[in-house]
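Please walk through the following model one chain at a time, and then look at how the chains meet.

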Amino acid sequence: MDVANAFSAAFGLIIGFDPQFLGIVGLSLSVTLTAVIIAAVAGMPLGAWLALTRFPGRSALIVFVNGLMGLPPVVAGLLVFLVLSRSGPLGWLGWLFTPAAMVIAQTVLVLPIIVALTRSTIEDLWSEYREHLISLDQTGLRAVPTLLWDGRIALATGLLAGFGRASAEVGAVLIVGGNIASYTRTMTTSIALETSKGDLPLALGLGIVLIALTLAINAFTFAASRVGAQYAG
Amino acid sequence: MRGTSSILPLLVEGLVFEAGGRRLVDAPSFALPAGGVTAIVGPNGAGKSLLLRLCHGLLTQTSGQIRWGGDDGRIAGRKRHAMVFQRPVMLRRSARANIAHALAATRAPNASAMIEAALARFGLADLADRSARLLSGGEQQRLAIARAWALSPEVLFLDEPTSQLDPGATRQIEALIASLAKDGMTIVMATHDLGQARRLSQRVLFLNRGCLVEDAETSIFFTAPASPEARAFIAGELLW
(Lines give C-alpha, C1' and ligand atoms only; values in the text may rest on other atoms or scores of the structure.)
Protein backbone atom coordinates (compact mmCIF):
# COMPACT_ATOMS: atom_id res chain seq x y z
CA MET A 1 0.00 0.00 0.00
CA ASP A 2 1.48 3.33 -0.95
CA VAL A 3 1.35 6.43 1.21
CA ALA A 4 -1.37 8.19 -0.81
CA ASN A 5 -3.69 5.21 -0.45
CA ALA A 6 -2.86 5.06 3.24
CA PHE A 7 -3.92 8.70 3.64
CA SER A 8 -7.23 8.23 1.86
CA ALA A 9 -7.94 5.09 3.89
CA ALA A 10 -7.07 7.01 7.06
CA PHE A 11 -9.55 9.77 6.22
CA GLY A 12 -12.08 7.04 5.47
CA LEU A 13 -11.64 5.75 9.02
CA ILE A 14 -12.07 9.20 10.51
CA ILE A 15 -15.04 10.28 8.40
CA GLY A 16 -16.67 6.85 8.51
CA PHE A 17 -16.67 6.79 12.33
CA ASP A 18 -15.08 3.34 12.31
CA PRO A 19 -16.08 1.75 15.65
CA GLN A 20 -12.64 0.29 16.40
CA PHE A 21 -11.08 3.64 15.58
CA LEU A 22 -13.54 5.56 17.75
CA GLY A 23 -13.01 3.11 20.60
CA ILE A 24 -9.28 3.79 20.60
CA VAL A 25 -9.76 7.57 20.48
CA GLY A 26 -12.40 7.42 23.22
CA LEU A 27 -10.24 5.32 25.53
CA SER A 28 -7.25 7.63 25.05
CA LEU A 29 -9.28 10.73 25.81
CA SER A 30 -11.00 9.27 28.86
CA VAL A 31 -7.73 7.96 30.35
CA THR A 32 -5.94 11.26 29.81
CA LEU A 33 -8.84 13.42 30.98
CA THR A 34 -9.24 11.36 34.15
CA ALA A 35 -5.52 11.60 34.83
CA VAL A 36 -5.52 15.39 34.33
CA ILE A 37 -8.54 15.83 36.61
CA ILE A 38 -6.98 13.71 39.37
CA ALA A 39 -3.67 15.54 38.99
CA ALA A 40 -5.45 18.91 39.14
CA VAL A 41 -7.48 18.04 42.24
CA ALA A 42 -4.37 16.77 44.03
CA GLY A 43 -1.80 19.08 42.49
CA MET A 44 -3.36 22.52 42.86
CA PRO A 45 -3.76 22.42 46.66
CA LEU A 46 -0.32 20.82 46.92
CA GLY A 47 1.23 23.55 44.77
CA ALA A 48 -0.58 26.26 46.73
CA TRP A 49 0.62 24.77 50.00
CA LEU A 50 4.17 24.62 48.69
CA ALA A 51 3.91 28.27 47.65
CA LEU A 52 2.65 29.58 50.99
CA THR A 53 4.51 27.55 53.60
CA ARG A 54 8.11 27.70 54.73
CA PHE A 55 9.89 24.67 56.16
CA PRO A 56 13.40 23.23 56.06
CA GLY A 57 13.98 21.37 52.81
CA ARG A 58 11.34 23.37 50.92
CA SER A 59 13.80 24.52 48.27
CA ALA A 60 15.00 20.96 47.73
CA LEU A 61 11.40 19.81 47.35
CA ILE A 62 10.71 22.54 44.77
CA VAL A 63 13.78 21.52 42.79
CA PHE A 64 12.67 17.88 43.01
CA VAL A 65 9.15 18.64 41.77
CA ASN A 66 10.49 20.82 38.96
CA GLY A 67 12.84 18.00 38.03
CA LEU A 68 9.97 15.52 37.89
CA MET A 69 8.42 17.58 35.08
CA GLY A 70 11.12 16.08 32.89
CA LEU A 71 10.59 12.51 34.13
CA PRO A 72 10.88 10.19 31.09
CA PRO A 73 7.45 8.59 30.57
CA VAL A 74 9.05 5.16 30.20
CA VAL A 75 10.58 5.47 33.65
CA ALA A 76 7.26 6.65 35.10
CA GLY A 77 5.69 3.57 33.49
CA LEU A 78 8.34 1.32 34.97
CA LEU A 79 7.78 2.73 38.47
CA VAL A 80 4.01 2.33 38.25
CA PHE A 81 4.54 -1.18 36.83
CA LEU A 82 6.68 -2.12 39.84
CA VAL A 83 4.11 -0.76 42.27
CA LEU A 84 1.16 -2.49 40.57
CA SER A 85 2.85 -5.77 39.64
CA ARG A 86 1.73 -8.85 41.50
CA SER A 87 4.63 -8.70 43.98
CA GLY A 88 4.46 -4.90 44.31
CA PRO A 89 2.89 -2.98 47.20
CA LEU A 90 -0.39 -2.40 45.32
CA GLY A 91 -0.34 -5.71 43.42
CA TRP A 92 -3.41 -6.94 45.31
CA LEU A 93 -5.53 -4.38 43.45
CA GLY A 94 -5.06 -6.33 40.24
CA TRP A 95 -4.86 -3.09 38.25
CA LEU A 96 -1.87 -3.91 36.05
CA PHE A 97 -2.82 -3.99 32.35
CA THR A 98 -6.08 -2.13 32.97
CA PRO A 99 -7.13 1.44 32.06
CA ALA A 100 -6.81 2.29 35.78
CA ALA A 101 -3.08 1.55 35.61
CA MET A 102 -2.78 3.88 32.61
CA VAL A 103 -4.61 6.62 34.51
CA ILE A 104 -2.15 6.25 37.39
CA ALA A 105 0.86 6.37 35.08
CA GLN A 106 -0.41 9.49 33.32
CA THR A 107 -1.31 11.11 36.64
CA VAL A 108 2.30 10.60 37.72
CA LEU A 109 3.41 12.38 34.56
CA VAL A 110 0.96 15.30 34.84
CA LEU A 111 1.09 15.89 38.60
CA PRO A 112 4.57 17.51 38.70
CA ILE A 113 3.60 19.93 35.92
CA ILE A 114 0.53 21.06 37.81
CA VAL A 115 2.24 21.24 41.22
CA ALA A 116 5.20 23.20 39.86
CA LEU A 117 3.08 25.60 37.84
CA THR A 118 0.61 26.18 40.65
CA ARG A 119 3.49 26.78 43.06
CA SER A 120 5.14 29.43 40.93
CA THR A 121 1.85 31.10 39.96
CA ILE A 122 0.57 31.26 43.53
CA GLU A 123 3.92 32.41 44.89
CA ASP A 124 4.09 35.31 42.42
CA LEU A 125 0.52 36.33 43.10
CA TRP A 126 1.01 36.10 46.87
CA SER A 127 4.01 38.40 46.81
CA GLU A 128 1.92 40.91 44.88
CA TYR A 129 -1.32 40.53 46.87
CA ARG A 130 0.17 39.79 50.30
CA GLU A 131 -0.45 43.09 52.06
CA HIS A 132 -3.92 43.57 50.63
CA LEU A 133 -5.01 40.06 51.59
CA ILE A 134 -3.53 40.29 55.09
CA SER A 135 -5.35 43.60 55.44
CA LEU A 136 -8.56 41.67 54.64
CA ASP A 137 -7.67 38.94 57.16
CA GLN A 138 -7.07 36.47 54.33
CA THR A 139 -3.90 34.91 55.63
CA GLY A 140 -2.35 31.49 55.11
CA LEU A 141 -4.62 28.92 53.54
CA ARG A 142 -7.58 31.31 53.61
CA ALA A 143 -5.88 33.19 50.78
CA VAL A 144 -5.73 30.11 48.56
CA PRO A 145 -9.16 30.41 46.86
CA THR A 146 -8.43 34.05 45.93
CA LEU A 147 -4.98 33.15 44.62
CA LEU A 148 -6.18 30.12 42.65
CA TRP A 149 -8.97 32.14 41.06
CA ASP A 150 -6.68 35.02 40.11
CA GLY A 151 -4.16 32.55 38.72
CA ARG A 152 -6.86 30.78 36.73
CA ILE A 153 -5.51 31.59 33.30
CA ALA A 154 -1.97 30.41 34.09
CA LEU A 155 -3.37 27.33 35.80
CA ALA A 156 -5.61 26.51 32.84
CA THR A 157 -2.57 26.76 30.61
CA GLY A 158 -0.82 24.31 32.93
CA LEU A 159 -3.72 21.87 32.70
CA LEU A 160 -3.59 22.05 28.91
CA ALA A 161 0.16 21.44 28.98
CA GLY A 162 -0.42 18.44 31.21
CA PHE A 163 -3.13 17.17 28.91
CA GLY A 164 -0.81 17.57 25.96
CA ARG A 165 2.00 15.68 27.65
CA ALA A 166 -0.22 12.81 28.77
CA SER A 167 -2.12 12.37 25.52
CA ALA A 168 1.07 12.30 23.43
CA GLU A 169 3.15 9.89 25.48
CA VAL A 170 3.46 6.22 24.60
CA GLY A 171 6.02 4.62 26.90
CA ALA A 172 4.16 4.69 30.22
CA VAL A 173 0.77 3.50 28.96
CA LEU A 174 2.44 0.79 26.91
CA ILE A 175 4.24 -0.64 29.93
CA VAL A 176 1.40 -0.51 32.44
CA GLY A 177 -1.51 -0.96 30.00
CA GLY A 178 -0.05 -3.73 27.92
CA ASN A 179 -1.63 -2.50 24.66
CA ILE A 180 -4.47 -5.04 24.83
CA ALA A 181 -6.81 -4.68 21.84
CA SER A 182 -10.02 -2.76 22.59
CA TYR A 183 -9.16 -2.66 26.32
CA THR A 184 -5.95 -0.74 26.91
CA ARG A 185 -5.00 0.19 23.38
CA THR A 186 -4.64 3.97 23.09
CA MET A 187 -3.91 6.20 20.11
CA THR A 188 -0.19 6.29 20.73
CA THR A 189 0.28 2.59 21.44
CA SER A 190 -1.87 1.74 18.40
CA ILE A 191 0.25 3.94 16.17
CA ALA A 192 3.42 2.21 17.38
CA LEU A 193 1.91 -1.25 16.90
CA GLU A 194 0.09 -0.69 13.59
CA THR A 195 3.10 0.99 12.04
CA SER A 196 5.30 -1.99 12.89
CA LYS A 197 2.62 -4.32 11.54
CA GLY A 198 2.36 -2.27 8.35
CA ASP A 199 -1.29 -1.19 8.85
CA LEU A 200 -0.63 2.39 7.87
CA PRO A 201 -4.23 3.68 7.47
CA LEU A 202 -5.12 3.11 11.13
CA ALA A 203 -1.79 4.50 12.32
CA LEU A 204 -2.13 7.54 10.09
CA GLY A 205 -5.76 8.14 11.01
CA LEU A 206 -4.87 8.13 14.70
CA GLY A 207 -1.85 10.29 14.00
CA ILE A 208 -4.06 12.86 12.31
CA VAL A 209 -6.41 12.89 15.31
CA LEU A 210 -3.46 13.32 17.68
CA ILE A 211 -2.09 16.22 15.67
CA ALA A 212 -5.53 17.81 15.54
CA LEU A 213 -5.75 17.42 19.31
CA THR A 214 -2.36 19.07 19.77
CA LEU A 215 -3.42 21.94 17.54
CA ALA A 216 -6.68 22.31 19.44
CA ILE A 217 -4.80 22.40 22.76
CA ASN A 218 -2.47 25.06 21.46
CA ALA A 219 -5.38 27.09 20.12
CA PHE A 220 -7.02 26.90 23.56
CA THR A 221 -3.77 27.92 25.25
CA PHE A 222 -3.41 30.85 22.90
CA ALA A 223 -7.00 31.92 23.47
CA ALA A 224 -6.55 31.56 27.23
CA SER A 225 -3.48 33.80 27.21
CA ARG A 226 -5.43 36.39 25.20
CA VAL A 227 -8.25 36.32 27.72
CA GLY A 228 -5.65 36.45 30.49
CA ALA A 229 -4.10 39.57 29.02
CA GLN A 230 -7.47 41.31 29.30
CA TYR A 231 -7.43 40.78 33.05
CA ALA A 232 -3.75 40.81 33.89
CA GLY A 233 -3.04 44.23 32.43
CA MET B 1 -14.85 58.28 72.81
CA ARG B 2 -17.94 56.25 72.12
CA GLY B 3 -17.35 53.30 74.41
CA THR B 4 -17.16 49.89 72.81
CA SER B 5 -18.89 51.14 69.67
CA SER B 6 -15.65 52.76 68.54
CA ILE B 7 -12.10 51.49 68.07
CA LEU B 8 -10.79 54.99 68.73
CA PRO B 9 -8.80 56.51 70.22
CA LEU B 10 -5.80 54.56 69.02
CA LEU B 11 -2.96 54.67 71.53
CA VAL B 12 0.59 54.07 70.34
CA GLU B 13 3.23 53.82 73.04
CA GLY B 14 6.98 53.44 72.62
CA LEU B 15 6.56 51.57 69.34
CA VAL B 16 9.77 49.92 68.16
CA PHE B 17 10.33 47.99 64.96
CA GLU B 18 13.70 46.47 64.13
CA ALA B 19 14.75 44.55 61.05
CA GLY B 20 18.18 43.28 60.09
CA GLY B 21 19.63 44.63 63.34
CA ARG B 22 18.51 48.18 62.53
CA ARG B 23 15.95 50.14 64.45
CA LEU B 24 13.59 51.50 61.80
CA VAL B 25 10.82 52.79 64.04
CA ASP B 26 12.20 54.29 67.21
CA ALA B 27 9.62 54.54 69.96
CA PRO B 28 7.01 57.05 68.77
CA SER B 29 4.09 57.57 71.16
CA PHE B 30 0.89 59.34 70.22
CA ALA B 31 -2.86 59.13 70.52
CA LEU B 32 -5.24 59.22 67.61
CA PRO B 33 -8.69 60.49 68.50
CA ALA B 34 -11.68 60.21 66.19
CA GLY B 35 -11.98 62.49 63.17
CA GLY B 36 -9.78 64.62 61.02
CA VAL B 37 -6.85 64.02 58.74
CA THR B 38 -3.45 63.29 60.26
CA ALA B 39 -0.48 63.54 57.93
CA ILE B 40 2.68 61.58 58.64
CA VAL B 41 5.55 63.43 57.01
CA GLY B 42 9.27 63.04 56.95
CA PRO B 43 12.14 62.27 54.62
CA ASN B 44 12.51 58.96 52.78
CA GLY B 45 13.29 56.15 55.16
CA ALA B 46 11.86 58.00 58.16
CA GLY B 47 9.55 55.06 58.88
CA LYS B 48 6.26 56.59 57.68
CA SER B 49 5.05 53.52 55.80
CA LEU B 50 6.28 51.19 58.54
CA LEU B 51 4.33 53.14 61.14
CA LEU B 52 1.13 52.77 59.09
CA ARG B 53 1.75 49.06 58.56
CA LEU B 54 2.40 48.49 62.24
CA CYS B 55 -0.79 50.31 63.23
CA HIS B 56 -2.80 48.39 60.62
CA GLY B 57 -1.37 45.08 61.80
CA LEU B 58 0.54 44.11 58.66
CA LEU B 59 3.78 44.05 60.67
CA THR B 60 4.42 43.03 64.25
CA GLN B 61 6.34 45.45 66.43
CA THR B 62 9.56 44.46 68.17
CA SER B 63 8.37 46.19 71.33
CA GLY B 64 5.98 48.87 72.45
CA GLN B 65 2.22 48.93 72.25
CA ILE B 66 -0.55 49.61 69.78
CA ARG B 67 -3.80 49.80 71.64
CA TRP B 68 -7.04 49.94 69.71
CA GLY B 69 -10.44 50.32 71.28
CA GLY B 70 -13.15 47.73 70.76
CA ASP B 71 -11.84 44.21 70.49
CA ASP B 72 -8.32 45.11 69.35
CA GLY B 73 -9.51 47.24 66.46
CA ARG B 74 -12.52 45.05 65.77
CA ILE B 75 -16.15 45.43 66.59
CA ALA B 76 -18.39 42.36 66.38
CA GLY B 77 -15.48 40.49 64.81
CA ARG B 78 -15.01 42.93 61.91
CA LYS B 79 -11.83 44.94 61.52
CA ARG B 80 -12.73 48.60 61.62
CA HIS B 81 -9.58 50.03 60.06
CA ALA B 82 -8.56 49.67 56.43
CA MET B 83 -5.53 50.57 54.35
CA VAL B 84 -4.82 51.81 50.83
CA PHE B 85 -1.34 51.28 49.45
CA GLN B 86 1.00 53.46 47.46
CA ARG B 87 0.73 51.09 44.50
CA PRO B 88 -2.87 49.90 44.63
CA VAL B 89 -3.16 46.11 44.72
CA MET B 90 -5.60 45.27 41.96
CA LEU B 91 -6.92 41.73 41.79
CA ARG B 92 -7.18 40.21 38.32
CA ARG B 93 -10.89 40.85 38.16
CA SER B 94 -13.33 43.57 37.25
CA ALA B 95 -13.55 46.75 39.32
CA ARG B 96 -16.85 45.56 40.78
CA ALA B 97 -15.42 42.12 41.62
CA ASN B 98 -12.50 43.77 43.42
CA ILE B 99 -14.93 45.49 45.79
CA ALA B 100 -17.06 42.34 46.09
CA HIS B 101 -14.00 40.29 47.02
CA ALA B 102 -13.02 42.61 49.87
CA LEU B 103 -16.57 42.55 51.24
CA ALA B 104 -16.80 38.77 50.98
CA ALA B 105 -13.38 38.27 52.58
CA THR B 106 -14.43 40.32 55.59
CA ARG B 107 -17.95 38.85 55.68
CA ALA B 108 -19.50 42.29 55.43
CA PRO B 109 -23.28 42.55 55.59
CA ASN B 110 -25.35 44.06 52.73
CA ALA B 111 -22.54 43.40 50.30
CA SER B 112 -24.40 43.98 47.05
CA ALA B 113 -25.83 47.31 48.20
CA MET B 114 -22.40 48.42 49.43
CA ILE B 115 -20.79 47.50 46.10
CA GLU B 116 -23.19 49.66 44.14
CA ALA B 117 -22.92 52.48 46.67
CA ALA B 118 -19.12 52.41 46.48
CA LEU B 119 -19.12 52.38 42.66
CA ALA B 120 -21.56 55.29 42.55
CA ARG B 121 -19.89 57.39 45.23
CA PHE B 122 -16.43 57.15 43.69
CA GLY B 123 -17.54 57.65 40.09
CA LEU B 124 -16.72 54.12 39.07
CA ALA B 125 -20.14 53.01 37.85
CA ASP B 126 -19.12 53.25 34.20
CA LEU B 127 -15.91 51.33 34.86
CA ALA B 128 -17.48 48.65 37.04
CA ASP B 129 -17.14 45.82 34.57
CA ARG B 130 -13.73 46.77 33.24
CA SER B 131 -10.71 44.79 34.30
CA ALA B 132 -9.29 46.60 37.33
CA ARG B 133 -5.71 46.18 36.14
CA LEU B 134 -6.41 47.97 32.88
CA LEU B 135 -7.70 51.12 34.57
CA SER B 136 -5.49 54.21 34.67
CA GLY B 137 -3.36 54.93 37.74
CA GLY B 138 -5.84 57.47 39.07
CA GLU B 139 -8.81 55.18 38.45
CA GLN B 140 -7.01 52.32 40.20
CA GLN B 141 -6.30 54.46 43.25
CA ARG B 142 -9.94 55.60 43.26
CA LEU B 143 -11.02 51.97 43.13
CA ALA B 144 -8.63 51.08 45.96
CA ILE B 145 -10.16 53.86 48.09
CA ALA B 146 -13.69 52.79 47.11
CA ARG B 147 -12.83 49.20 48.05
CA ALA B 148 -11.54 50.30 51.45
CA TRP B 149 -14.52 52.64 51.97
CA ALA B 150 -16.94 49.79 51.24
CA LEU B 151 -15.63 48.03 54.35
CA SER B 152 -17.03 50.98 56.40
CA PRO B 153 -13.85 51.50 58.41
CA GLU B 154 -13.61 54.09 61.17
CA VAL B 155 -9.97 54.67 60.35
CA LEU B 156 -8.45 54.70 56.89
CA PHE B 157 -4.68 54.46 56.46
CA LEU B 158 -3.34 55.87 53.21
CA ASP B 159 0.27 55.28 52.22
CA GLU B 160 1.43 57.96 49.78
CA PRO B 161 -1.91 57.79 47.97
CA THR B 162 -0.96 60.18 45.16
CA SER B 163 2.77 59.69 44.72
CA GLN B 164 2.29 57.78 41.45
CA LEU B 165 -0.36 60.07 40.00
CA ASP B 166 -0.42 63.05 37.67
CA PRO B 167 -1.62 66.42 39.02
CA GLY B 168 -5.20 65.99 37.78
CA ALA B 169 -5.62 62.58 39.38
CA THR B 170 -3.90 63.88 42.52
CA ARG B 171 -6.46 66.70 42.84
CA GLN B 172 -9.27 64.15 42.43
CA ILE B 173 -7.90 61.84 45.11
CA GLU B 174 -7.32 64.77 47.47
CA ALA B 175 -10.93 65.87 47.01
CA LEU B 176 -12.06 62.32 47.82
CA ILE B 177 -9.93 62.20 50.96
CA ALA B 178 -11.33 65.55 52.10
CA SER B 179 -14.89 64.33 51.53
CA LEU B 180 -14.25 61.13 53.50
CA ALA B 181 -12.90 63.19 56.39
CA LYS B 182 -15.95 65.45 56.20
CA ASP B 183 -18.14 62.34 56.56
CA GLY B 184 -16.38 61.63 59.84
CA MET B 185 -13.88 59.02 58.74
CA THR B 186 -10.56 59.28 60.58
CA ILE B 187 -7.76 59.50 58.03
CA VAL B 188 -4.07 58.84 58.63
CA MET B 189 -1.92 59.39 55.57
CA ALA B 190 1.78 59.14 54.94
CA THR B 191 2.91 61.67 52.39
CA HIS B 192 6.14 63.21 51.21
CA ASP B 193 4.16 66.00 49.57
CA LEU B 194 4.22 68.86 52.09
CA GLY B 195 1.72 70.84 50.03
CA GLN B 196 -0.68 67.95 50.31
CA ALA B 197 -0.17 67.71 54.05
CA ARG B 198 -0.87 71.44 54.29
CA ARG B 199 -3.99 71.22 52.11
CA LEU B 200 -5.60 68.18 53.71
CA SER B 201 -4.47 67.63 57.26
CA GLN B 202 -5.24 69.25 60.59
CA ARG B 203 -2.40 67.48 62.37
CA VAL B 204 1.13 66.54 61.40
CA LEU B 205 3.31 63.80 62.80
CA PHE B 206 6.86 64.53 61.68
CA LEU B 207 9.11 61.48 61.66
CA ASN B 208 12.85 61.45 61.21
CA ARG B 209 14.97 58.29 61.39
CA GLY B 210 12.11 56.43 62.99
CA CYS B 211 11.64 58.98 65.79
CA LEU B 212 8.53 61.08 66.24
CA VAL B 213 10.19 64.49 66.28
CA GLU B 214 7.11 66.65 66.18
CA ASP B 215 3.38 66.19 66.73
CA ALA B 216 1.60 69.44 66.01
CA GLU B 217 -1.36 71.14 64.45
CA THR B 218 -0.70 71.52 60.77
CA SER B 219 -0.77 75.33 60.77
CA ILE B 220 1.66 75.46 63.66
CA PHE B 221 3.95 72.83 62.17
CA PHE B 222 4.36 74.79 58.97
CA THR B 223 4.54 78.29 60.44
CA ALA B 224 6.47 77.65 63.62
CA PRO B 225 8.16 74.24 63.63
CA ALA B 226 9.61 73.54 67.06
CA SER B 227 12.55 71.35 66.14
CA PRO B 228 15.60 72.14 64.01
CA GLU B 229 14.97 68.94 61.98
CA ALA B 230 11.45 70.05 61.09
CA ARG B 231 12.69 73.52 60.18
CA ALA B 232 15.33 72.03 57.92
CA PHE B 233 12.84 69.61 56.39
CA ILE B 234 10.31 72.32 55.60
CA ALA B 235 12.95 74.70 54.29
CA GLY B 236 14.41 71.97 52.13
CA GLU B 237 11.05 71.12 50.60
CA LEU B 238 12.31 71.85 47.11
CA LEU B 239 15.27 69.52 47.53
CA TRP B 240 13.05 66.47 47.90
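For the packing of helices on strands, two residues are taken to be in contact if their C-beta atoms, placed from the backbone, lie within 7 Å, and the angles quoted run from 0 to 180 degrees between the N-to-C directions of axes fitted to C-alpha atoms. The model is predicted, and every value below should be read with that in mind. In this sense, helix 5 (residues 167-182) of chain B lies across strand 4, strand 9 and strand 10 (186-190) of chain B, and runs at about 145 degrees to strand 10 of chain B.

Those strands belong to an open sheet of chain B, in which 6 strands follow the order 8-9-10-4-11-12 with mixed pairing. Strand 8 and strand 12 (211-217) of chain B are at the edges with a single partner strand each, so one side of each is left without a neighbour in the sheet. On average, and with direction ignored, neighbouring strands of this sheet are turned by 15 degrees against each other.

Two of the pairings can be followed residue by residue. Strand 8 (residues 81-84) of chain B runs parallel to strand 9 (residues 155-159) of chain B and is joined to it by 4 bridges, with H81(B) standing opposite V155(B). Both faces of strand 8 of chain B are covered, since H81(B) and M83(B) on one side and A82(B) and V84(B) on the other are all buried. Elsewhere in the sheet, strand 4 (residues 37-41) and strand 11 (residues 203-208) of chain B are likewise parallel and are linked by 4 bridges, and the bridge partner of I40(B) in strand 11 of chain B is L205(B).

Chain A has 10 helices and 0 strands. The C-alpha trace of chain A spans about 70 × 50 × 25 Å along its principal axes, and buried residues make up 39% of the 233 residues in the chain. Among contacts in chain A between residues at least 6 apart in sequence, 79% join residues at least 24 apart.

How many residues does the largest nonpolar core have? This core has 126 residues, and those with the most contacts inside it are A105(A), I114(A), V176(A), A146(B) and L156(B). The largest share of the core, 18 residues, comes from helix 5 (residues 99-135) of chain A. In soluble globular proteins, nonpolar side chains tend to be buried together. For A146(B), leaving aside neighbours within four places in sequence, the contacts are I99(B), A118(B), L119(B), F122(B) and L124(B).

Between the chains, 15 residues of chain A are in contact with 17 residues of chain B. On the side of chain A that touches chain B, the elements giving two or more residues are helix 5, helix 6 (144-150) and helix 10 (200-232) of chain A, and helix 5 of chain A gives the most, with 6 residues. The residues on this side of chain A divide into 5 nonpolar, 6 polar and 4 charged.

Finally, some backbone details deserve a look. The peptide bond from L8(B) to P9(B) is cis, with omega near 5 degrees, and P9(B) is found in the segment before strand 1 (10-19) of chain B. N179(A), in the loop between helix 8 (171-177) and helix 9 (187-197) of chain A, has a positive phi near 55 degrees although it is a residue other than glycine, and N179(A) counts as partly exposed because it has 18 C-beta neighbours inside 10 Å. R107(B), which is not a glycine either, has a positive phi of about 50 degrees and is found in the loop between helix 2 (95-105) and helix 3 (111-121) of chain B; with 10 C-beta neighbours inside 10 Å, R107(B) counts as exposed.

Terms used. Residues are numbered from 1 along each chain as its sequence is written. Chains are lettered from A and ligands numbered from 1 in the order in which they are written. This is a predicted model: local features need pLDDT of at least 70, side-chain atom pairs count only at pLDDT 80 or more; totals for chains, interfaces and linings use all residues. A nonpolar core is a set of buried Ala, Val, Leu, Ile, Met, Phe, Trp, Tyr and Cys residues joined through C-beta atoms within 7 Å. A residue is buried if 20 or more other C-beta atoms lie within 10 Å of its own, exposed if 12 or fewer, and partly exposed in between; C-beta atoms are placed from the backbone. Ala, Val, Leu, Ile, Met, Phe, Trp, Tyr, Cys and Pro count as nonpolar, Asp, Glu, Lys and Arg as charged, and the others, Gly among them, as polar. Two strands pair if DSSP finds at least two bridges between them.
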